[in-house]
Amino acid sequence: MEYKVEAHRIMSISLGKIYNSRVQRGGIKLHKNLLVSLVLRSARQVYLSDYYSGACLNAQSEREGNEWDITDSEREKFPPSATECDRVESTEEPQPNEQPEKEREYRENDDEVKSDQVDCTSTLQEQNQNSSLDSVAKVSSETPPESITEPKESPSDSAVAERDSTPEANGESHQPPKPHVCSNRKRSAEESESGDSPQKRTKVASSNAKEDEEAEEMDTSNVSNLITIFGSSFSGLLSKESAKPEAEAEDSGQICCDQMLKNLNPWSTAIVAF
Amino acid sequence: MMAGVGGGNDFQWCFSQVKGAIDEDVAEADIISTVEFNCSGELLATGDKGGRVVIFQREQESKNRLLSRGEYNVYSTFQSHEPEFDYLKSLEIEEKINKIRWLPQQNAAHFLLSANDKTIKLWKISERDKRAEGYNLKDEDGRLRDQFRITTLRVPVLMPMDLMVEASPRRIFANAHTYHINSISVNSDYETYLSADDLRINLWHLEITDRSFNIVDIKPANMEELTEVITAAECHPHQCNVFVYSSSKGTIRLCDMRAAALCDRHSKFFEEPEDPSSRSFFSEIISSISDVKFSHSGRYMMTRDYLSVKVWDLNMENRPVETYQVHEYLRSKLCSLYENDCIFDKFECCWNGSDSAIMTGSYNNFFRMFDRNTRRDITLEASRENSKPRAMLKPRKVCTGGKRKKDEISVDSLDFNKKILHTAWHPKENVIAVAATNNLYIFQDKIN
């Protein structure tokens with residue numbers, strides 16, 4: 001658990017540094033930003049692998065466990081649909097600063113939102129591959145496919161093709177946007193970003209490098225867009241963390257954490273070695 | 001005076017001088033950003049964040065005070081670089097002097113190269129101590145004389161005047177670097193020099209300013225694939241075809257300019273395998289090399305990363321021959337150092353004249369010296385409290401845990417704002433210059 005907290009903290013610090021580098025005198029320093037992006041990436045990997053490894057271990061240890069209850073109940077509450085995502089976004093409370101700008105950005109195109117779901121799931125798959133956790137894949141595949149409407153698939157696919165820069169599994173768009181939805185549910189007060197976190201999450205990898213490219217161009221307006229992107233991705237990850245313990249059944253959330261803690265030992269050495 | 005045999009501990013380092021304001025409130029422009037002795041050690045140049053260069057000259061040794069060698073006094077001060085604005089990219093270019101390198105002296109004048117992030121300038125520093133007097137057409141004030149008053153012709157005579165030191169920019173090497181220049185190095189042929197930025201290294205001829213040869217280019221076709229940058233570069237002290245450059249991944253590449261016009265393929269690749277047990281979030285940052293320096297002999301080179309100094313034998317690529325821990329106690333504090341940006345500090349390192357000792361800086365105004373022969377090391381502090389003339393410096397010790405002895409300082413009490421990034425060792429004698437923020441300390445070895 002503490003690794004996740006630590007990774008989370010390091011990620012927020014790194015993002016702050018990247019943001020501040022925009023306003024530094026003398027322009028963006030490529031070397032420093034490269035190092036910061038490497039740290040950010042490492043922390044993100046630890047943070048996400050920690051999250052998913054925890055989910056996997058819970059599933060392994062308790063097939064009828066509360067983890068499943070959460071997913072089932074959440075699935076009921078938030079049937080994965082594009083319109084639902086839109087609604088979630090629109091019911092979001094207005095938050096200061098960049099919020100209006102981003103909402104405009106996000107509502108501009110419905111397709112963008114749809115692709116969010118796909119990207120989210122694809123990222124989920126990427127994480128699955130990375131951590132080789134079969135059970136998580138099982139979780140995904142057990143989602144009733146009928147909950148995803150057919151027509152959505154084609155725009156999603158095309159959106160995937162154009163958006164994903166990281167190698168994805170073959171656009172299985174029937175994956176549930178459950179994590180995406182979870183992240184939309186809970187929004188802590190300090191987060192001022194809206195919820196297209198998964199999409200932006202996949203973009204982080206490219207955005208990091210993209211920022212280096214921006215560094216070459218030294219184009220501060222593009223960098224400011226990237227910073228908002230970083231910000232939103234970060235908020236998505238943060239929401240993801242808070243989604244779990246703040247799940248519908250508080251007890252089950254607690255038990256999940258405990259389970260994760262119990263099973264953390266074999267993984268902790270891996271993380272320490274990292 | 002011959003350089004002492006042996007290293008740090010055989011010497012008794014004494015305070016000699018300190019230059020700079022005493023004021024606690026440090027102006028950013030006064031922060032020293034580079035220190036360099038010239039080839040004879042007679043001159044000591046500093047550059048600061050305000051774009052100024054100050055040159056100190058050693059006074060002739062006086063017969064009366066045999067115990068102290070000549071002191072360094074201000075010789076010349078000039079504004080080398082000004083802040084600029086790149087209108088195309090909407091970027092301000094800092095005037096901070098990143099590096100100064102002296103050219104070998106070939107006549108009465110002295111030449112040095114100074115570089116900021118984008119531009120390198122060749123400065124000529126010359127003395128004027130005579131003035132012509134007795135002009136025919138103008139009088140002493142400079143006013144033109146009434147021509148009808150001129151009845152005789154006279155030859156002007158050179159009269160002595162107060163010494164005036166003039167600095168004039170002789171060459172400006174600009175527009176060759178997209179990224180920030182981190183190094184310049186004069187070649188042993190005394191005709192060319194190289195300049196390195198984050199992704200490219202250029203070779204210049206000292207006489208030609210409108211073009212340079214690009215000899216290393218590590219910019220990937222797709223910037224998203226960028227994984228490392230160039231952090232330092234230096235020409236070999238004797239072989240004018242050889243240079244090295246270090247990277248942010250902790251590797252050093254040695255290149256031979258005879259092999260190809262573009263030296264993207266290295267001749268030698270120096271890398272030490274990483275110790276997997278010490279892996280952390282910050283492993284990559286602390287392995288980034290901040291400085292690389294050839295030994296005077298040309299047989300070794302030294303690299304500085306965040307926590308250590310390594311000496312490499314040019315004939316052995318797979319690991320350094322010597323590793324010295326500068327401040328290993330910081331390894332457990334890397335997260336805090338990342339937060340306060342100290343982990344990005346770029347420490348330099350330097351050899352003594354005989355290559356028997358090396359020196360580098362640390363925090364709390366501490367600096368460290370390592371004797372390569374005896375393997376002993378010493379930690380000293382540059383502070384105004386130890387600044388009585390010829391006062392001997394007391395070795396300092398950082399307490400890493402457990403009971404703190406008297407005179408030790410605990411890791412948590414270290415002042416991370418007081419960092420010594422730039423040090424220089426006189427090429428022939430045991431005189432060192434240490435830059436502590438806006439102050440320049442000069443220490444000498446007490447004559448045994």
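Is B:C342 buried or exposed? I looked up the relative accessibility and found 3%, so B:C342 counts as buried. The model is predicted, and I kept that in view for each entry below.

**Cysteines**

I stayed with the cysteines of chain B and took B:C350 next. B:C350 has a relative accessibility of 7%, so this residue also counts as buried. I then asked which cysteine sulfur is closest to that of B:C350. The closest one belongs to B:C349, at 7.2 Å. A disulfide needs the two sulfur atoms within 2.5 Å. The sulfurs of B:C350 and B:C349 are therefore too far from each other for a bond. I extended the search to the whole structure, over all chains, and it returned 0 disulfides.

**Confidence in chain A**

I checked pLDDT in chain A before reading anything into its elements. The chain averages 50, and 18% of its residues score at least 70. Which elements of chain A mark the two ends of the range in mean pLDDT? Helix α1 of chain A (residues 2-23) has the highest mean, 90. Helix α13 of chain A (residues 264-273) has the lowest, 36. I also looked for a stretch of low values and noted residues 64-274 of chain A, where pLDDT stays under 50. For that stretch the model has 313 contacts beyond four places in sequence. I record the count together with the pLDDT and take it no further.

**Chain B overall**

I turned to chain B and listed its elements: 2 helices and 32 strands. The chain has 448 residues, of which 53% are buried. I looked up the exposed area of chain B and got about 21400 Å², with carbon and sulfur atoms supplying 48% of it. For sequence separation I took the contacts in chain B between residues at least 6 apart. Of these, 55% join residues at least 24 apart.

**One sheet in chain B**

I picked out an open sheet of 4 strands in chain B, with the order β2-β3-β4-β5 and antiparallel pairing. Its edge strands are β2 (32-37) and β5 (72-79) of chain B, each of which pairs on one side only. I noted the angle between neighbouring strands of this sheet as well: on average they are turned by 20 degrees against each other, direction ignored.

Within the sheet I followed one pairing. How many bridges join strand β3 (residues 43-48) and strand β4 (residues 52-58) of chain B? I found 5, in the antiparallel sense. Last, I looked up the bridge partner of B:L43 in β4(B), and the entry is B:Q57.

Key. Residues numbered from 1 in each chain as written. Chains lettered and ligands numbered in written order. Predicted model: local features only at pLDDT ≥ 70, side-chain atom pairs only at ≥ 80, totals over all residues. Heavy atoms only, no water. Buried < 20%, exposed > 50% of the residue type's maximum accessible area, 1.4 Å probe, protein only. pLDDT = per-residue confidence, 0-100. Contact = heavy atoms within 4.5 Å. Areas by Shrake-Rupley, 256 points an atom, 1.4 Å probe, with all protein chains shown as cover. Pairing = 2+ DSSP bridges. Axes fitted to C-alpha atoms, helices over the stretch in contact; angles between N-to-C directions.
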